[in-house]
Amino acid sequence: MSSLKVHNSYTREKELFTPITLGYVGMYVCGPTVSGESHLGHARPFITFDFIYRYLMHLNYKVRYVRNITDAGHFEEEGREAEDKISKKAVIEKLEPMELVQKYTNLFHWAMHQFNNLDPSIEPTATGHIVEQINMINTIIKDGYAYEVNGSVYFDVKKYAEKYPYGKLSGRVLDDLLETTRDLDNQDEKHNKQDFALWKAAPPEHIMRWTSPWGEGFPGWHIECSAMSKKYLGDQFDIHGGGMDLQFPHHESEIAQSTICNHKIPARYWLHNNMITINGKKMGKSYNNVIKLTELFSGSHPLLMQAYSPMTIRFFILQTHYRSTLDFSNEALQAAEKGLKRLWEAYQLLLKLDFDPAKEIDEKIEEQFYSYCREMDDFMNDDFNTAKVLANMFSLVNYINSFKSGALENATLSAECFAFVKNHFKSYVENILGLKDESGQEQDKLKGVLDLLVDIRKDARSKKDYATSDKIRKQLEQLGILMKDEKDGKVSYSFE
RNA sequence: GGCCAUGUGGCCGAAUGGUUAGGUAUAGGUCUGCAAAACCUUUCAUGGAGGUUCGAACCCUCCCGUGGCCUCCA
């Protein structure tokens, strides 16, 4: 079997993955800023790093997955004044800042569970780690790579770049940055334009504030990730993940801060997922083109022709490689919805299939099953190519369905092969890709009622009373229950 | 303006030198009282122009288009 290779943004190459400690993986992923509701764009990194987390565990690594909650506001420098994102919104909604943070944190957790994302091992909050951040800033100041001005502390990028490769991750050249950095407010405090804030002095109206050696203020955006990853994963850990848009300045700054504090680059492998676009444009708050997750699940958004379930979204994301952009459209999501349904129903059928002594074992097909399954491991090992994994699954879906009715009706597989394939499918569909049954409502009582209706309909049909049989089927269809007459005279139903 | 990506069928997307995956859609067929599902078959693509090569979606050059980052951003 092949070994896991991952595309490392830091080197821009696909590299063999070797953890620092044999058998253990430390992974840090930038989490949400809980100042608002999550949207479709946010779903991508969390689903991406969820299947990466799941696959690493599948490879028997013991993984510590740390994903932060950014609940301390950062400045919003769109207009004139630097304002705290969270405190500003809190005034609007007349809520306590932490009340707002709690609300959106809860909503975020709810959405993550809808997507069947596993909880991270640790989910630290920025506000819970102010002390660690202050300590880290102190270390950087002592080492001479940061300076204080009017109660704010800035990182000296120019000095850092003399000794370290600043810009390597994001492909920046410092001189270019000097020329292209725009004029922003409060820039006059900085020695150089490309310096970034470690700590910001809080203006009087700022609600979220903490006492620090430099006066009352709040932490800069980048320092929280450095402080929390160090605390829970150590000076250097294996994987740092996040969206591509975080490469610069966020991750570049993290590298600079941590390198000064810990004398080494914080993570060995930097993984970045690409964006979800809508009409070719990145979905983002600043573009005013976001579709919130709650809107997506309920279909209540002018751009949506219908509601899309969390698993449809998950499948949609899995169908493309995580480093490619993914364009949203109703057409694309409807295609994903149908594809997922076919995959899931074939998977359920597979679980019911077994070696049939009355039929002949088809060795050629058996070999196909084995090779398609084994290939899936190679695909995942090749930088998590879930798109190819799914392609193989659909090749097997055809075979599986053909056992029921079609070319393979008179064929069977050995008991060993069936066991292997069932096990493999279960492991991939449920454990690695993280898909789950959404029909859910198939409770026993409902099942009993449906069986009764199937019975009544059968009687009607035997009497050629098609008016009654069609009435039953039609009305059930309106309720979202499809009744299907099988070739062998049996009747099956599925939920839309 | 700088840096970096990218352009594959109706739509969403795999694939980095050797029969252009897969999903969905379209068309026809099998099955069926009809329908659905399923299966089989089928139509449709590598932005443009050169170059390298026996051979290019893939490598090189130029052009055109789009996007991302440079500022909060998944």
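**Group meeting: strands, RNA surface and spaces in a predicted model**

Let me begin at the C-terminal end of the numbering, where I481 stands opposite F495 in strand 20. That pair belongs to two antiparallel strands, strand 19 (residues 481–485) and strand 20 (residues 491–495), which 5 bridges join. Helices (H or I, at least four residues) and strands (E, at least two) are DSSP runs, numbered from the N terminus, and two strands count as paired if DSSP finds at least two bridges between them. The hairpin that these strands make has 5 residues between the strands, and in it G489 takes a positive phi near 95°.

Before going on, I should say that this is a predicted model, in which local features need pLDDT of at least 70 and side-chain atom pairs count only at pLDDT 80 or more, while totals for chains, interfaces and linings use all residues. Residues are numbered from 1 along each chain as its sequence is written, chains are lettered from A and ligands numbered from 1 in the order in which they are written, and side-chain values use heavy atoms, with hydrogens and water left out.

A second set of strands is an open sheet of 3 strands in the order 15-14-16, with mixed pairing. Its edge strands, each pairing on one side only, are strand 15 (281–282) and strand 16 (326–328). Strand 14 (residues 276–278) runs parallel to strand 16, and 3 bridges join the two; within that pairing, I278 has F328 of strand 16 as its bridge partner.

Now to the RNA. Which residues are the closest to RNA strand B? They are H42, W221, K282, T320 and D327, out of 68 residues that surround the strand, where a residue is near if one of its heavy atoms lies within 4 Å. Of the atoms of RNA strand B that come within 4 Å of the protein, sugar and phosphate account for 66%. By class, this surface has 21 nonpolar, 26 polar and 21 charged residues; here Ala, Val, Leu, Ile, Met, Phe, Trp, Tyr, Cys and Pro count as nonpolar, Asp, Glu, Lys and Arg as charged, and the others, Gly among them, as polar. Helix 13 (residues 386–404) provides the largest share of the surface, with 8 residues.

Three polar contacts (pairs of N or O atoms within 3.5 Å) touch three parts of the RNA. A backbone N or O atom of G41 lies 2.9 Å from a base nitrogen of RNA strand B, and a backbone N or O atom of G171 lies 3.1 Å from a sugar or linking oxygen. For S324, a polar side-chain atom lies 2.8 Å from a phosphate oxygen.

Let me turn to empty space, which was sought on a 1 Å grid over the protein atoms alone: a cavity is a set of points where a 1.4 Å probe fits but cannot get out, a pocket is an open set with protein on both sides within 12 Å along at least five of seven lines, and lining residues have an atom within 4 Å of a point. Grid points are joined across faces, edges and corners, and a volume is the space filled by probe spheres set on the points.

The second largest pocket holds about 1400 Å³ of space. It is lined by 33 residues, and those closest to its centre are E345, K484, Y493, S494 and F495, so that F495, the residue opposite I481, returns here. Helix 11 gives the largest share of the lining, 11 residues, and the lining divides into 8 nonpolar, 8 polar and 17 charged residues. At least three lining residues come from each of domain 2 (293–432) and domain 3 (444–495), with bounds from an automatic or database domain assignment.

As for cavities, the count comes to 1 of 30 Å³ or more, and the largest cavity has about 40 Å³ of space. Its lining consists of E37, S38, L107, F108, W110, A111, L293 and T294, with helix 3 giving the most, 4 residues.

Two backbone details remain. The peptide bond from F248 to P249 is cis, with omega near 0°, and P249 is found in helix 8 (residues 247–262). N288, although not a glycine, has a positive phi of about 60°, and its place is in the loop between strand 15 and helix 9.

Notes:
A polar contact is a pair of N or O atoms within 3.5 Å; within protein, one must be able to donate a hydrogen and the other to accept it, and residues adjacent in sequence count only if both atoms are side-chain atoms.
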